[in-house]
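User: I'd like to learn how to read some features of a protein model. Could you take me through them one at a time?

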Amino acid sequence: MQRIRVQRDPFDTAEEQKILSRDKPQVGAVVTFIGLMRDINEGAEVAAMTLEHYPGMTEKALGAIAEEAAQRWDLEDISILHRVGELRPQDPIVFVGVSSRHRGEAFRACEFLIDYLKTRAPFWKKEKTPEGERWVDARGTDDDAARRWAEGSSDA
């Protein structure tokens, strides 16, 4: 099962985690990642960030990433939630969660999902700093992390 959502409203991380194993007694592992907005980036204070996306295209891209994870690992459930709109420091931005029968598969799949989400999902970020607003460029370290998952490799 896959749950893909892009939304403005905050999400309940505890409830999202519970959904991954609810009514699934075969689940032996739930692994989640919660990304929070930081108050600093590239050495500058950040007061707020606006996330934009292309409706329809973004959800499709997230679904394709989830499908690739489901093909690589034996998973029971996958959940990807991503916020858009204006966010403040410490606001949750993204929730990625997987459940599986075994922890190794869950850990690898969750890491794969966030690595690919950072490089393949169409989101645009604009930060508010004391010097004004600025668009955030992709990071080379995110590209490096995604490259670890070379086609067909399930053990980065």
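User: Which residues form a nonpolar patch on the surface?

Analyst: Keep in mind that this is a predicted model. To find such a patch, look for nonpolar side chains within 5 Å of one another, on residues with over 30% relative accessible area and no salt bridge. Here the patch is formed by Tyr54, Met57, Trp124 and Trp135, and together they have about 480 Å² of accessible area.

User: Is tryptophan 124 buried, partly exposed or exposed?

Analyst: Buried means under 20% relative accessible area and exposed means over 50%, with partly exposed in between. Tryptophan 124 has 41% relative accessibility, so it counts as partly exposed. You can find tryptophan 124 in strand β9, which covers residues 123-129.

User: Now the sheet. In what order do the four strands of the open sheet run?

Analyst: Reading a sheet starts with asking who pairs with whom. In this model the order is β1-β6-β8-β2, an open sheet with mixed pairing. At the edges are β1 (2-7) and β2 (29-36), each pairing on one side only. From one strand to the next, the twist averages 5°.

User: How many bridges join β2 and β8, and in which sense do they pair?

Analyst: Follow the bridge partners along the two strands. β2 and β8 (residues 92-100) are antiparallel, with eight bridges. Leucine 36 has proline 92 in β8 as its bridge partner, and phenylalanine 33 stands opposite valine 96 in β8. β8 also pairs with β6 in the antiparallel sense, over seven bridges; there, aspartate 77 faces serine 99 of β8.

User: Where do side chains point in a strand?

Analyst: In a regular strand they alternate between the two faces of the sheet.

User: Why is β8 described as largely enclosed?

Analyst: Count the buried residues along the strand. For β8, nine of the nine residues are buried, so the rest of the structure largely encloses this strand.

User: Which helices should I look at next to the sheet?

Analyst: Check which strands a helix touches, then compare directions. Helix α2 (residues 57-72) lies across β1 and β6 (75-83) and runs at about 150° to β1. Helix α3 (residues 103-120) packs on the sheet and touches β2, β6 and β8, with its direction at about 150° to that of β8.

User: How far apart are threonine 119 and lysine 60, in sequence and in space?

Analyst: Sequence separation and spatial distance are worth reading side by side. These two residues are 59 residues apart in sequence and 14 Å apart in space, C-alpha to C-alpha. Threonine 119 lies in helix α3 and has a relative accessible area of 30%, so threonine 119 is partly exposed.

How values were computed: Residues are numbered from 1 along each chain as its sequence is written. This is a predicted model: local features need pLDDT of at least 70, side-chain atom pairs count only at pLDDT 80 or more; totals for chains, interfaces and linings use all residues. Side-chain values use heavy atoms; hydrogens and water are left out. Patches are made of residues with over 30% relative accessible area and no salt bridge: like charges are joined within 9 Å, nonpolar side chains (Val, Leu, Ile, Met, Phe, Trp, Tyr) within 5 Å. Accessible areas come from the Shrake-Rupley method with a 1.4 Å probe; for residues, only the protein chains shown count as cover. A salt bridge is a side-chain nitrogen of Lys or Arg within 4 Å of a carboxyl oxygen of Asp or Glu. Buried means under 20% relative accessible area, exposed over 50%, partly exposed in between (1.4 Å probe, protein chains only). Two strands pair if DSSP finds at least two bridges between them. Axes are lines fitted to C-alpha atoms, for helices over the stretch in contact, and angles run from 0 to 180 degrees between N-to-C directions. Contact means heavy atoms within 4.5 Å.
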